[in-house]
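Thank you for making time this morning; I would like to walk slowly through one chain, and I ask you to keep the picture in view while I talk.

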Amino acid sequence: MSINHSVNVLIVDDYKTMLRIIRNLLKQIEFDNVDEATDGTDALAKLRAGNYGLVISDWNMVPMTGLELLQEVRRDPKLKTLPFIMITAESKAENVVSAKQAGVSNYIVKPFNAETLKGKIEKVLGNA
């Protein structure tokens, strides 16, 4: 499956190291249009002001969690169909269910590599 690599991607995580890791993984799979936000509030402002084609967000952040960000995105008429991949260190079934109920496009459990990220993005953008 081919992916549109020119899509603008917003990555959201409160750990700068994780942002750098995700950015490097995206570069490996040929995504160069990558922007960053360090929490859900910052991400929501950027999403409402910008033109993004994909969000990759961590679950555990303050003051707005990734799940709360996802819920806000799905409530916003302009953003509600935006592909959204949730990243988490926990693979608890209830978290997966909560994310699915909130409308997540896909879900990645840490740690992951470029191949895993590529596969998740292909599934999301292929259905977008």
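Let me begin with two helices in this predicted model: the axes of helix 2, which covers residues 40-49, and helix 3 come within 9 Å of each other and cross at roughly 25°. Because angles under 35 degrees count as roughly parallel, helix 2 is described as roughly parallel to helix 3, and the crossing of helix 2 and helix 3 is right-handed. If you look for the residues that meet there, helix 2 contributes G40, A43, L44, L47 and R48, while helix 3 contributes L69, E72 and V73.

From G40 we can step across to strand 3, where S57 has its place, since the C-alpha atoms of S57 and G40 lie 8.4 Å apart in space although 17 residues separate S57 and G40 in sequence. Is S57 buried or exposed? S57 has a relative accessibility of 0%, so S57 counts as buried. Setting aside neighbours within four places in sequence, S57 is in contact with V12, G66, L69, F84, I85, M86 and I87, and L69 in that list is also one of the helix 3 residues that meet helix 2.

The next residue to consider is D58, which also belongs to strand 3, a strand that spans residues 54-58. An unreviewed UniProt entry carries the annotation "modified residue: 4-aspartylphosphate" at D58. In the model D58 counts as buried because its relative accessibility is 3%, which is under the 20% cut-off. Again leaving out neighbours within four places in sequence, D58 touches V12, D13, D14, G66, M86, I87, T88 and K110.

Moving on to the aromatic rings, how many aromatic pairs does the count give? The count comes to one aromatic pair, formed by W59 and Y107, and this pair is edge-to-face, with 6.5 Å from centre to centre and 75° between the planes. The pair links distant parts of the chain, for W59 sits in the loop between strand 3 and helix 3, whereas Y107 sits in strand 5, and W59 and Y107 are 48 residues apart. W59 is buried, with a relative accessible area of 10%, and Y107 likewise counts as buried, at 9% relative accessibility.

Finally, to put these pieces in a wider frame, UniProt lists residues 8-125, in an unreviewed entry, as "domain: Response regulatory". Over residues 8-125 the chain is 47% helix and 19% strand, and the end C-alpha atoms of that stretch are 12 Å apart.

Notes: Residues are numbered from 1 along each chain as its sequence is written. This is a predicted model: local features need pLDDT of at least 70, side-chain atom pairs count only at pLDDT 80 or more; totals for chains, interfaces and linings use all residues. Side-chain values use heavy atoms; hydrogens and water are left out. UniProt positions are given in the numbering used here, feature names are shortened, and annotations may be inferred rather than shown by experiment. Helices (H or I, at least four residues) and strands (E, at least two) are DSSP runs, numbered from the N terminus. Buried means under 20% relative accessible area, exposed over 50%, partly exposed in between (1.4 Å probe, protein chains only). Contact means heavy atoms within 4.5 Å. Rings of Phe, Tyr and Trp (its six-membered ring) pair if their centres lie within 6.5 Å; planes under 30 degrees apart count as stacked, over 60 as edge-to-face and the rest as tilted. Axes are lines fitted to C-alpha atoms, for helices over the stretch in contact, and angles run from 0 to 180 degrees between N-to-C directions. Angles under 35 degrees count as roughly parallel, over 145 as roughly antiparallel, 65 to 115 as roughly perpendicular and the rest as oblique. A crossing is left-handed if the near helix is turned anticlockwise from the far one by less than a right angle, and right-handed if clockwise.
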